[in-house]
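Let's take a walk through this model together. Keep the viewer open as you read, and pull up each residue as it is named.

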Amino acid sequence: PDRERRVLARRADDDGGDGEERGQGPEHGRSIAGEAYPTRLRCHLTVRPTSALTVPMAARAHLSLLVVVVLWATSFSVIKTLLDNDVAALDIALLRYAIALPGFAFVLWRSGGLPGVTRADAARVLAAGILIVVGYHVFLNVGAERTTSGIAALVVALSPGMTLVLALALGLDRLRLRHVLGLAIAFVGVTVVIALGTGETLSLDGATGPLIVLGAPLSFALYN
């Protein structure tokens, strides 16, 4: 299949270097299965395989991940505080991305832009952006107005389970016993949180906030 030959061509390029280093132009490729393929098939966002991380690099990587976890965890309390101080849910979403915009611009500049993006790619990026920027944040912020930050965080934590369910439904993954057990625990846990986490008697009014927040992990799963 074409896809398999392209993978083989990319591996050959990784092992043998650029065609131009061997006197070949970018339009001349190696012959695989009797056909010529360009030597430069790698996406501009794809990096070459790297060796194992050194101890200092691994320590910095784990420290960076820890910082991300802390910042992500505190975001729920910050959202709830802003909502309690009459900041609109949509304004909070806009504020988050206004803060992140310089970082996005820096990454775009460092990657050399997006020269290989097609119309189909642009459509997928637009759909992903709507899901993660609009869908996720609107559901989270609006729902957090009607529940606590802790419950909102627990509901959002359902996103890995929802992602797995969608992957199974689309044939992107195979169902295994650990998947079944993990999904069962996740859904039971969220059900208990939605039903009893507020400390109030079970009612539709008390479950409104968590149910709205549930749209956030669903948007995140669709985005994935």
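**A tour of the chain**

The protein chain has 9 helices and 2 strands. Going along the sequence, those elements come in the pattern α-β-β-α-α-α-α-α-α-α-α. Of the 224 residues in the chain, 25% are buried. As for who touches whom, among contacts with a separation of 6 or more, 69% are between residues 24 or more positions apart.

Before going further, a word on confidence. What you have on screen is a predicted model. The average pLDDT for the protein chain is 75, and 69% of the residues score at least 70. Among the elements, helix 9 (residues 215-223) has the highest mean pLDDT, 92, and strand 1 (residues 29-32) has the lowest, 47. Two stretches call for some care. Over residues 16-33 the pLDDT stays under 50, and the model has 34 contacts beyond four places in sequence for them. Residues 37-47 also stay under 50, and here the model has 32 such contacts beyond four places in sequence.

Now for the inside. In general, nonpolar side chains tend to be buried together in soluble globular proteins. In this model the largest nonpolar core has 15 residues, and those with the most contacts inside it are Phe76, Ile79, Leu83, Tyr136, Leu140, Val156 and Val213. Who supplies this core? At least two residues come from each of helix 2 (55-84), helix 3 (89-110), helix 4 (119-144) and helix 5 (149-156). Ile79 is a handy one to click on. Leaving out neighbours within four places in sequence, Ile79 is in contact with Ile92, Arg96, Leu140, Asn141 and Ala144.

Ile79 turns up again when you look at the pockets. Val68, Leu71, Trp72, Thr74, Ser75, Val78, Ile79, Leu82, Ile92, Leu95, Arg96 and Ile99 line the second largest pocket. The elements that give two or more residues to this lining are helix 2 and helix 3, with helix 2 providing the largest share, 8 residues. By class, that lining comes out as 9 nonpolar, 2 polar and 1 charged residues. The volume of the second largest pocket is about 340 Å³.

What about the largest pocket? That one holds about 520 Å³ of space. It is lined by 16 residues, and the closest to its centre are Tyr97, Phe104, Val125, Ile132 and Tyr223. Helix 3 and helix 4 each supply at least two residues of this lining. Sorted by class, the lining residues are 12 nonpolar, 3 polar and 1 charged.

Next, have a look at a couple of loops. Between helix 2 and helix 3 you will find aspartate 86. Aspartate 86 is not a glycine, yet its phi is positive, about 65°. Is this residue, aspartate 86, buried or exposed? Aspartate 86 counts as exposed because its relative accessibility is 73%, and the cut-off for exposed is over 50%.

Threonine 147 sits in another loop, the one between helix 4 and helix 5. Its relative accessibility is 6%, so threonine 147 counts as buried; the bar for buried is under 20%. What does threonine 147 touch, not counting residues up to four places away in sequence? The partners are Lys80, Ala152, Gly209, Pro210 and Val213. Val213 should ring a bell, as it is among the residues with the most contacts inside the largest nonpolar core.

Further along comes helix 6 (residues 159-169), whose buried residues are Ser159, Gly161, Met162, Leu164 and Ala167. Just after helix 6, glycine 171 has a positive phi of about 75°.

The last stop is histidine 179, in helix 7 (residues 177-196). Histidine 179 counts as buried because its relative accessibility is 11%. Setting aside neighbours within four places in sequence, histidine 179 is in contact with Leu164, Asp173 and Arg174. Leu164 is one of the buried residues of helix 6 listed above. Try a C-alpha to C-alpha distance here too: histidine 179 and valine 165 are 9.1 Å apart in space and 14 residues apart in sequence.

Notes
Residues are numbered from 1 along each chain as its sequence is written. This is a predicted model: local features need pLDDT of at least 70, side-chain atom pairs count only at pLDDT 80 or more; totals for chains, interfaces and linings use all residues. Side-chain values use heavy atoms; hydrogens and water are left out. A nonpolar core is a set of buried Ala, Val, Leu, Ile, Met, Phe, Trp, Tyr and Cys residues joined through side-chain atoms within 4.5 Å. Buried means under 20% relative accessible area, exposed over 50%, partly exposed in between (1.4 Å probe, protein chains only). Helices (H or I, at least four residues) and strands (E, at least two) are DSSP runs, numbered from the N terminus. Contact means heavy atoms within 4.5 Å. On a 1 Å grid over the protein atoms alone, a cavity is a set of points where a 1.4 Å probe fits but cannot get out, and a pocket is an open set with protein on both sides within 12 Å along at least five of seven lines; lining residues have an atom within 4 Å of a point. Grid points are joined across faces, edges and corners, and a volume is the space filled by probe spheres set on the points. Ala, Val, Leu, Ile, Met, Phe, Trp, Tyr, Cys and Pro count as nonpolar, Asp, Glu, Lys and Arg as charged, and the others, Gly among them, as polar. pLDDT is the predictor's confidence in each residue, from 0 to 100.
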